[in-house]
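Below is a walk through one protein model, meant for someone who has not looked at it before. Please keep the sequence and the 3D view open while reading.

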Amino acid sequence: MLSRAVCGTGRQLAPALGYLGSRQKHSLPDLPYDYGALEPHINAQIMQLHHSKHHAAYVNNLNVTEEKYQEALAKGELLEAIKRDFGSFEKFKEKLTAASVGVQGSGWGWLGFNKERGQLQIAACPNQDPLQGTTGLIPLLGIDVWEHAYYLQYKNVRPDYLKAIWNVINWENVTERYMACKK
């Protein structure tokens, strides 16, 4: 895992992926009783409507808000560069995920900075091949697609792991790396 920026600053930066846990989407919990259990004080129709419509809407809105929050974390100049170089944050996610899924065997999916062009680029490296040494790109974000990174939880379903990894990316760190490399 990366622990040092390779931008000539020589200062230590936190790991790019934070921790490898994943946040699952929130779901509407089942009630521990039947909708009609509160009758005659509160009828089943009111309970069913409140639970399946109103409470469900709150849960769905929470999920939407958390997705927007993840995008907002990649803010400022980094977000503008992502939009400039990939069209949108969603397109960037799709491209990096596709590159990471496409790694045959073990390796890494990368967001790197091309200092000559002043652009962000996506790359994939097999095995332990270093991004900067093989492509010249300065590493900003690395996604480990070696099976040991996800197999116990996601088995051999790499796309599910890659969908979840976006919930734990340390965007403050990626932004720090980007700003340091632009100097």
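The paragraphs that follow take up the nonpolar cores, then some backbone features, and then one buried polar side chain.

The model is a predicted one. A good place to begin is its largest nonpolar core, which has 31 residues. Within this core, the members that touch the most other members are Phe-92, Leu-111, Leu-120, Tyr-161 and Trp-171. Several elements give two or more residues to the core: the helices α2 (76–86), α3 (89–101), α6 (158–165) and α7 (171–182), together with the strands β1 (107–114) and β3 (138–144). Of these, α2 gives the most, with five residues. Apart from this core lies another one, made of six residues, including Trp-108, Ala-123, Cys-125 and Leu-137.

Tyr-161 deserves a second look. Leaving aside residues up to four places away in sequence, Tyr-161 touches Ile-143, Asp-144 and Val-145, and also Ala-149, Tyr-150 and Tyr-154.

The backbone comes next. Most peptide bonds are trans, and most residues other than glycine have a negative phi. Where does the model hold a cis peptide bond? The bond from Glu-39 to Pro-40 is cis, and its omega is near 5°. Pro-40 is placed in the segment before α1 (44–73).

Positive phi values are found at Asn-127 and at Lys-155. Asn-127 is not a glycine, yet its phi is positive, near 50°. The residue sits in the loop between β2 (119–126) and α4 (131–135). Asn-127 is partly exposed, because its relative accessible area is 38%, and the partly exposed class runs between 20% and 50%. Lys-155, also a residue other than glycine, has a positive phi near 55°. Its place is in the loop between α5 (151–154) and α6. With a relative accessible area of 44%, Lys-155 is therefore partly exposed.

The last stop is Asn-63, in helix α1. Is this residue buried or exposed? Asn-63 counts as buried, because its relative accessibility is 8% and the cut-off for buried is under 20%. The side chain of Asn-63 has a polar contact with the backbone of another residue: it reaches the backbone nitrogen of His-26 at 2.8 Å.

Terms used: Residues are numbered from 1 along each chain as its sequence is written. This is a predicted model: local features need pLDDT of at least 70, side-chain atom pairs count only at pLDDT 80 or more; totals for chains, interfaces and linings use all residues. Side-chain values use heavy atoms; hydrogens and water are left out. A nonpolar core is a set of buried Ala, Val, Leu, Ile, Met, Phe, Trp, Tyr and Cys residues joined through side-chain atoms within 4.5 Å. Buried means under 20% relative accessible area, exposed over 50%, partly exposed in between (1.4 Å probe, protein chains only). Helices (H or I, at least four residues) and strands (E, at least two) are DSSP runs, numbered from the N terminus. Contact means heavy atoms within 4.5 Å. A polar contact is a pair of N or O atoms within 3.5 Å; within protein, one must be able to donate a hydrogen and the other to accept it, and residues adjacent in sequence count only if both atoms are side-chain atoms.
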